[in-house]
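Please look over the sequence and the model shown here before reading the report. The notes are written for someone meeting this structure for the first time.

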Amino acid sequence: MRIIVLGAAAGGGLPQWNCGCRNCDGARTGRLSAMTQSSIAVSADGESWSILNASPDIRVQLAATPALYPTGLRDMPLRSVLVTNGDIDHVAGLLTLRESQPFALFATPAIHATLAGNPMLAALRADLVARQPVVLDESVEIAPGLTATLFAVPGKVPLYQEGAVVETGLMGENTVGVELVANGRRALYIPGCADLPDWLTNRIAGADLLMFDGTLWEDDEMIRMGLGHKTGRRMGHMPAAGSIAALRDVPVERRVFVHMNNSNPLVDPASPQTHEAEAGGWQVGRDGMEITL
Ligand code: MLT
Ligand code: MN
Ligand code: ZN
């Protein structure tokens, strides 16, 4: 199985257009590497690919990824797109994929209903883009030799569907993790997750690779930095420092944080928190990172 991190950042990216924090400024001056928004590409054979989450940055991500370059006049190796929730950073890129390219679009029925409610997405021609509902906990082939099983993880509805009261530990079709299996190897991709209950650490145990929600380092980081009023948990994201602790004794071959918010000290390779994560056996995802299992 080959996995390419197309974008390692959370919604907003690094730098975020309206943010003057130290990390965003660092990405503007070149002190830090910029990061595009949340997406990975996966393949079992290196020829047919599935993209997990369609980021608003997908156009530049595809331009930066030779494995996904066109192989003919109007032919390229993308076979499917799978989305793990309806968040804008995970679905807005679908609009970019409207140029008569056939592919299958995998999501839970609830996420498909959300997408169907957006009239702009009718630009994805029904005769070319097959919208395939995926039942939780049933495996589906998303590219030749590559299967995905979606499973509910604690989360919330997308920002644009939030009501006055927001439940952040919802379990259902709105926020899912993905278990990927190819050539006998098993990887888990969980870019948004509000909590790590025992059943989830048990599911993670023994994986060859875990790619996990690294949105914030600490729950109140955005409040302390003066960047916002929400905690990580309120946004449906468990803090990375807590995930390192919760998964310390869980056997996993390789563990990588993805979906980093620009406030997170993990976006800076020289930060003490990055060293702490690395000492705990984690890598921090970077755009273009490639992993072969
Ligand atoms: C998130 O992961 O919390 C969302 O992407 C936030 C957003 O939609 O901007
Ligand atoms: Mn997000
Ligand atoms: Zn910033």
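This report describes two ligand sites in a predicted model.

## Surroundings of ligand 1

Ligand 1 sits in the largest pocket, where the residues that surround this ligand are Asp87, Asp89, Met235, His237 and His259. By residue class, this shell divides into one nonpolar residue, two polar residues and two charged residues.

## Polar groups facing ligand 1

Three of the surrounding side chains place an N or O atom at a stated distance from an oxygen atom of ligand 1. For Asp89, a polar side-chain atom lies 2.8 Å from an oxygen atom of the ligand, while for His259 the distance from a side-chain N or O atom to a ligand oxygen is 3.1 Å, and for Asp87 the corresponding distance is 3.5 Å. Ligand 1 has 270 Å² of accessible area on its own, and the protein covers 76% of that area.

## The zinc site

Ligand 3 is a zinc ion, and its coordination comes from the SG atoms of Cys19, Cys21 and Cys24 together with the OD1 atom of Asn262, at distances of 2.3 to 2.7 Å. Along the sequence, these donor residues follow the spacing C-x1-C-x2-C-x237-N.

The arrangement around the zinc ion (ligand 3) is tetrahedral because its four donor atoms subtend angles of 97 to 116°, and four donors count as tetrahedral if all angles lie between 85 and 135 degrees.

Key
Residues are numbered from 1 along each chain as its sequence is written. Chains are lettered from A and ligands numbered from 1 in the order in which they are written. This is a predicted model: local features need pLDDT of at least 70, side-chain atom pairs count only at pLDDT 80 or more; totals for chains, interfaces and linings use all residues. Side-chain values use heavy atoms; hydrogens and water are left out. A residue is near a molecule or strand if one of its heavy atoms lies within 4 Å of it. A polar contact is a pair of N or O atoms within 3.5 Å; within protein, one must be able to donate a hydrogen and the other to accept it, and residues adjacent in sequence count only if both atoms are side-chain atoms. Accessible areas come from the Shrake-Rupley method with a 1.4 Å probe; for residues, only the protein chains shown count as cover. On a 1 Å grid over the protein atoms alone, a cavity is a set of points where a 1.4 Å probe fits but cannot get out, and a pocket is an open set with protein on both sides within 12 Å along at least five of seven lines; lining residues have an atom within 4 Å of a point. A molecule sits in a cavity or pocket if more than half of its atoms lie within 2 Å of its grid points. Ala, Val, Leu, Ile, Met, Phe, Trp, Tyr, Cys and Pro count as nonpolar, Asp, Glu, Lys and Arg as charged, and the others, Gly among them, as polar. Donors are N, O and S atoms within 2.8 Å of the metal (3.2 Å for Na, K and Ca); water is not among the atoms, so sites may look incomplete. Four donors count as tetrahedral if all angles lie between 85 and 135 degrees; four count as square planar and six as octahedral if opposite donors are over 155 degrees apart and all others between 65 and 115; anything else is irregular.
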